[in-house]
Amino acid sequence: MTFGIPREAESAGAGSGAAVTAVADVRPAAAPGGTAAGAEPGRTPVPATPPGTGPAGGSPVLARHTGEPYRPGTPHARARIDLAAIRANVGRLCEAAGPAEVMAVVKADGYGHGMVAAARAALAGGATWIGVAGMQEALTLRAAGVPGPLLAWLLTPGDDWHAAVAAGIDLSAGADWAVRAAVRAAHATGRPARLHLEVETGLGRGGACAGDWPALLDTVARAEAAGSVRVVGVWSHLARADEPGHPGCEEQLAHFRSAVARARRAGLTPEVLHLSNSAATLTLPEARFDLVRPGLAVYGLSPVPDRAGPAELGLRPAMALTARLASVKRVPAGHGVSYGHRYRTARETTLGLVPLGYADGVPRHASQAGPVLVAGRRHTVAGTVCMDQFVIDLGDAPASPGDEVVLFGPGDRGEPGAQDWARAADTISHDIVTRIGARVPRTYTGDTPAGTC
Ligand SMILES: Cc1ncc(COP(=O)(O)O)c(C=O)c1O
């Protein structure tokens with residue numbers, strides 16, 4: 001397998017059991033603020049320094065072990081998004097994919113990181129295209145002023161094709177009905193619709209099957225000759241790119257090449273061919289063609305976690321999910337914890353209550369398994385994850401309400417990664433970051449300088 005990226009030292013070892021530095025429980029903060037938190041358009045701003053709690057607004061305290069200001073009004077949980085990491089990750093992907101260009105995939109609210117902020121950071125990092133699933137996502141990006149080629153690929157007849165064509169959004173078409181919708185929109189707006197033809201090569205999802213491909217090409221070629229559409233691209237999607245070396249990838253590549261040849265014979269001249277997600281971008285050079293469509297790797301997560309972690313791929317996870325303990329209490333041995341009492345304390349111990357639950361995206365499947373870091377020590381979810389909260393068994397470690405709990409992050413402090421939660425919940429890291437709910441405010445660091453994109 002070729003990653004095309006030099007191996008780098010892993011960031012601070014996850015689970016390294018690093019010595020815990022004792023820090024006074026609470027003490028006056030040296031300075032307010034701390035993070036250069038900015039709000040993404042469309043999101044509720046979360047001030048780095050909550051109003052009325054600045055130097056003149058009372059005595060902020062430092063949460064145990066973190067050095068971060070903790071004041072009344074501090075959100076009880078948050079996802080910090082490192083935009084500089086997104087920029088750097090995209091730079092890595094450009095380097096790996098070149099000369100192919102990079103379409104940064106920012107669907108599903110930028111995989112939970114904030115769609116507009118992620119798109120801007122990706123463009124600043126070198127992406128020349130932005131990709132989303134739904135038309136509404138594309139329209140939202142345009143309305144926010146995100147420039148450049150922008151593709152939406154999961155469309156329905158009820159979508160606002162007219163608005164999309166008017167906004168210069170590239171649209172996928174894998175069936176006749178989509179071409180007809182594009183033609184109608186072109187007539188209504190007076191500008192040709194830019195289409196990317198989707199061919200089914202083996203994923204068994206969208207796109208025209210081999211038997212329907214010639215008829216689709218015929219329809220499109222006529223629409224292009226009439227000036228109603230322009231066929232900008234031909235694309236497909238791989239089923240098993242995350243299993244490098246799987247023969248299914250080669251089979252899909254062969255189908256793709258023959259579908260492209262057929263499109264050319266039909267007189268079409270697509271400018272971009274694209275097939276690769278993150279895994280293929282990093283491990284399957286022959287699938288890169290003119291354009292790659294990475295999503296997960298943009299956010300610094302490994303698309304091939306059994307083969308390489310983010311650092312080995314030259315990536316840095318962009319999201320850190322933290323919470324503050326809502327309660328801390330001593331309980332005796334044999335104390336049942338959470339619904340169903342799936343956990344029972346083995347001895348007298350301290351239980352900490354973490355105010356995040358499955359309604360916030362903490363997978364219920366990670367009950368008894370999800371890892372967290374508190375004061376430099378790993379703990380595991382004790383019992384069942386509830387809708388708004390879960391419990392951890394802190395043993396005899398000192399702890400207070402307000403102490404920071406790190407669910408996942410880039411690993412600098414030995415905290416778990418999103419992939420660790422994916423393993424705990426028997427899922428993939430895409431599923432972990434995209435599910436973080438709307439109740440969890442996002443704060444942004446490493447902002448994209450104005451005017452960069
Ligand atoms: C069509 C398409 N292209 C690209 C991607 C990006 O995939 P990944 O996040 O694995 O890089 C996706 C994500 O599901 C997708 O649906």
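## Annotated residues, ligand shell and strand pairing

Apart from its neighbours within four places in sequence, Lys 107 makes contact with Val 132, Ala 133 and Glu 137. The structure discussed here is a predicted model.

The residue belongs to helix H2, which covers residues 107-111. Lys 107 is classed as buried because 20 other C-beta atoms lie within 10 Å, and a count of 20 or more is what that class requires. According to an unreviewed UniProt entry, the annotation "active site" covers Lys 107 and Tyr 339.

Tyr 339 sits in the loop that joins strand E14 (336-337) to strand E15 (343-344). Tyr 339 has 13 C-beta neighbours inside 10 Å and therefore counts as partly exposed. Leaving aside residues within four places in sequence, the contacts of Tyr 339 are Thr 384 and Cys 386.

The ligand has its own set of surrounding residues. Among them are Val 105, Trp 153, His 237, Asn 277 and Ser 278. The stretch Arg 293, Pro 294, Gly 295, Leu 296 and Ala 297 also belongs to this shell, as do Pro 303 and His 430. By class, the shell comprises 6 nonpolar, 5 polar and 1 charged residues.

Turning to the strands, a closed barrel is formed by 8 strands in the order E4-E5-E6-E7-E8-E9-E10-E11, and the pairing is parallel. Helix H1 (residues 83-97) packs on the sheet, where it touches strand E4 (101-105) and strand E11 (291-292). The direction of H1 makes about 140° with that of E4.

One pairing within the barrel and two pairings of strand E12 are listed below.

| Strand pair | Sense | Bridges | A bridge pair |
|---|---|---|---|
| E9 (residues 229-235) and E10 (residues 272-276) | parallel | 3 bridges | Trp 235 and His 274 |
| E3 (residues 77-82) and E12 (residues 319-324) | antiparallel | 5 bridges | Arg 78 and Thr 322 |
| E12 (residues 319-324) and E20 (residues 404-408) | antiparallel | 4 bridges | Ala 323 and Val 405 |

Strand E12 thus pairs with E3 and with E20. The strand is mostly covered, with 6 of its 6 residues buried. Met 319, Leu 321 and Ala 323 point one way from E12, whereas Ala 320, Thr 322 and Arg 324 point the other way. Both sets of residues are buried, including Arg 324. Two of these residues also appear in the bridges: Thr 322 is the partner of Arg 78, and Ala 323 has Val 405 of E20 as its partner.

Terms used
Residues are numbered from 1 along each chain as its sequence is written. This is a predicted model: local features need pLDDT of at least 70, side-chain atom pairs count only at pLDDT 80 or more; totals for chains, interfaces and linings use all residues. A residue is near a molecule or strand if its C-beta atom, placed from the backbone, lies within 6 Å of it. Ala, Val, Leu, Ile, Met, Phe, Trp, Tyr, Cys and Pro count as nonpolar, Asp, Glu, Lys and Arg as charged, and the others, Gly among them, as polar. UniProt positions are given in the numbering used here, feature names are shortened, and annotations may be inferred rather than shown by experiment. Helices (H or I, at least four residues) and strands (E, at least two) are DSSP runs, numbered from the N terminus. A residue is buried if 20 or more other C-beta atoms lie within 10 Å of its own, exposed if 12 or fewer, and partly exposed in between; C-beta atoms are placed from the backbone. Two residues are in contact if their C-beta atoms, placed from the backbone, lie within 7 Å. Two strands pair if DSSP finds at least two bridges between them. Axes are lines fitted to C-alpha atoms, for helices over the stretch in contact, and angles run from 0 to 180 degrees between N-to-C directions.
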